[in-house]
Amino acid sequence: MVNLGHQGDQHIVDVHFDGPHAALPVEVLQRRDVIARFDRAHFARPQRHTFRQLMLVHGSGGYHSIDFERVALLPRRLIALRPGQVHRWDASTPTEATIVLGQAWVGGDERWFPGQPSYTDLDGARYAAASGLIDAMANAQSEFEPRGAAERILIATFAALEALFALSATPERDRVANNDPYTAYRQSIESAMAVGEPPHNVADYAATLPFSARTVARACARATGQTPKQLLDQRIVLEAQRLLANTDMSAASIGARLGFSEPTNFAKFYARGTGQTPAAFRRTASAS
């Protein structure tokens with residue numbers, strides 16, 4: 001199923017895809033089997049996957065925490081986790097759910113970004129469709145051979161399940177306007193976050209894109225109702241929260257990692273965006 005890799009940040013466990021077959025691109029398994037595989041201490045620590053995970057909930061009880069959002073496990077709820085998100089399991093409940101793991105490259109073009117919905121509640125017809133897609137993947141998994149028909153079915157059906165999630169979770173306005181300038185801008189932010197010390201000026205990102213700053217601004221407004229600067233600042237705040245809650249890094253070190261030349265500048269930026277100091281957020285996150 002998974003392989004625990006190095007511990008990237010001091011408290012976050014990096015988890016890598018490791019299916020029963022080395023070439024398996026997608027794996028279907030039950031939530032109870034995941035919980036039975038590890039001890040409770042494993043689930044008490046925040047995790048960061050390098051692969052995709054979809055969870056279709058059948059029963060009720062407990063929660064799954066994703067980037068500081070506690071998502072209740074409810075019948076017909078479809079939950080999506082993406083590479084880089086920090087999440088925690090609630091291993092105290094035996095809630096029935098089916099989990100589908102997909103290697104990071106499965107699904108092709110990535111149009112999900114932090115801040116977009118992490119779950120959606122399916123109606124009866126879409127729940128049946130999702131269950132059917134998962135059953136098809138489970139059957140293909142049992143017949144898997146590298147570069148065979150089952151491999152193509154697994155990849156295509158996983159992509160279909162992700163599309164069903166997107167159709168159910170994303171407002172019509174966002175689906176229509178999720179166009180190239182918006183996607184390119186958000187991807188450029190993610191690339192900068194991965195490297196460290198991301199620029200804080202929208203112009204620095206726009207200069208790397210084949211679109212004008214005005215085109216990017218219009219695309220962001222259509223897709224989200226927000227400006228490029230608002231989206232950038234929200235992403236920096238989220239990364240700060242991940243590091244404050246899940247590492248022992250000092251606030252000054254976190255600020256430097258996020259491109260702030262002085263600790264006071266980081267503290268002012270964070271307080272302006274959240275209404276509290278980094279230290280206050282860390283205390284609140286540690287108590288939850």
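**Exercise 1.** Find F68 in the model: what is its relative accessible area, and is it buried, partly exposed or exposed?

*Solution.* F68 has a relative accessible area of 36%. Keep in mind that this is a predicted model. Now for the cut-offs: buried means under 20%, exposed means over 50%, and partly exposed is what lies in between. So F68 counts as partly exposed.

**Exercise 2.** Now look at the backbone: which sign does phi of F68 have, and where does F68 lie?

*Solution.* Start with the angle: phi of F68 is near 75 degrees, so a positive value, and F68 is not a glycine. Here's the background: most residues other than glycine have a negative phi. As for its place, F68 sits in the loop between β6 and β7.

**Exercise 3.** Give D67 the treatment too: what is its phi, where does it lie, and is it buried or exposed?

*Solution.* Phi of D67 is about 45 degrees, which is positive, though D67 isn't a glycine either. Next, its place: D67 is in the loop that runs between β6 (63-66) and β7 (69-72). Last, its relative accessible area is 14%, so D67 is buried.

**Exercise 4.** Time for some empty space: how many cavities of 30 Å³ or more does a search of the whole structure find, and what lines the second largest?

*Solution.* The search turns up three such cavities. The second largest holds about 40 Å³ of space. Around it you'll find M193, G196, E197, P198, E239, R257 and L258. Sort that lining by type and you get three nonpolar residues, one polar and three charged.

Notes: Residues are numbered from 1 along each chain as its sequence is written. This is a predicted model: local features need pLDDT of at least 70, side-chain atom pairs count only at pLDDT 80 or more; totals for chains, interfaces and linings use all residues. Side-chain values use heavy atoms; hydrogens and water are left out. Helices (H or I, at least four residues) and strands (E, at least two) are DSSP runs, numbered from the N terminus. Buried means under 20% relative accessible area, exposed over 50%, partly exposed in between (1.4 Å probe, protein chains only). On a 1 Å grid over the protein atoms alone, a cavity is a set of points where a 1.4 Å probe fits but cannot get out, and a pocket is an open set with protein on both sides within 12 Å along at least five of seven lines; lining residues have an atom within 4 Å of a point. Grid points are joined across faces, edges and corners, and a volume is the space filled by probe spheres set on the points. Ala, Val, Leu, Ile, Met, Phe, Trp, Tyr, Cys and Pro count as nonpolar, Asp, Glu, Lys and Arg as charged, and the others, Gly among them, as polar.
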